[in-house]
Amino acid sequence: MKPRKYPYSGRQRLVRKEMPRFVKLGSVALCKKMIDSIEGIRSENSYITVLILKIPKPFLSYEEKTIKVRLPFDEVVSILNQY
């Protein structure tokens, strides 16, 4: 196969950017990056699980958020262990 004479013609090409991936937990979806910031998981009822997130902020501080998920504790742990 003969190489092209002018391989870089200046024509712009479409570059596909990777879309953010989400993890579905009941009626809540988290970005895959947020899974790294999960600090703890606790069971509130038999069908409600609470996720505790520590989100890093600039200047070495953290912001704590809690998310209630309407799934049993075992299902939440098994979903998160896949990632």
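This is a short dialogue on reading a predicted model.

Colleague: Where do I start? Which residues have the most contacts inside the largest nonpolar core?

Modeller: Begin with the general idea. In soluble globular proteins, nonpolar side chains tend to be buried together. Now this structure. Its largest nonpolar core has 13 residues. L25, L30, L51, I67, V69, V76 and L80 have the most contacts inside it.

Colleague: Which elements each supply at least two residues of this core?

Modeller: Four strands and a helix are listed. They are strand 1 (22–25), strand 2 (28–31), strand 4 (49–57), strand 5 (61–69) and helix 2 (73–81).

Colleague: Take one core residue. What does V76 touch, not counting residues up to four places away in sequence?

Modeller: V76 touches T49, L51, V69 and L71. Two of these names, L51 and V69, are also on the list of core residues with the most contacts.

Colleague: Now strand 1. Which residues are on its covered face, and which on its uncovered one?

Modeller: V23 and L25 make up the covered face. F22 and K24 make up the uncovered one.

Colleague: How do strand 1 and strand 2 run, and how many bridges join them?

Modeller: They run antiparallel, joined by 4 bridges. F22 stands opposite C31 in strand 2. The two strands form a hairpin with 2 residues between them. In the turn, G26 has a positive phi of about 65 degrees.

Colleague: G26 is a glycine. Which residue other than glycine has a positive phi?

Modeller: L60 does, with phi near 60 degrees. F59 is another case, with a positive phi of about 65 degrees. F59 is in the loop between strand 4 and strand 5. L60 is in that loop too.

Colleague: Is F59 buried or exposed?

Modeller: Use the cut-off: exposed means over 50% relative accessible area. F59 has 82%, so F59 is exposed. L60 has 83%, so L60 is exposed.

Colleague: Next, charged side chains. How many salt bridges does the structure hold?

Modeller: The structure holds 2. In one, the side chains of E44 and K68 meet, at 3.3 Å from N to O. This pair links distant parts of the chain, 24 residues apart. E44 is in the loop between strand 3 (38–43) and strand 4, while K68 is in strand 5. E44 is partly exposed, at 36%. K68 is exposed, at 54%.

Colleague: And which side chain meets K65 in a salt bridge?

Modeller: That of E63, at 3.6 Å from N to O. K65 counts as partly exposed, at 41% relative accessibility. E63 is partly exposed, with a relative accessible area of 30%.

Technical notes: Residues numbered from 1 in each chain as written. Predicted model: local features only at pLDDT ≥ 70, side-chain atom pairs only at ≥ 80, totals over all residues. Heavy atoms only, no water. Core = buried A, V, L, I, M, F, W, Y, C linked by side-chain atoms within 4.5 Å. Buried < 20%, exposed > 50% of the residue type's maximum accessible area, 1.4 Å probe, protein only. Contact = heavy atoms within 4.5 Å. Pairing = 2+ DSSP bridges. Salt bridge = Lys/Arg side-chain N within 4 Å of Asp/Glu carboxyl O.
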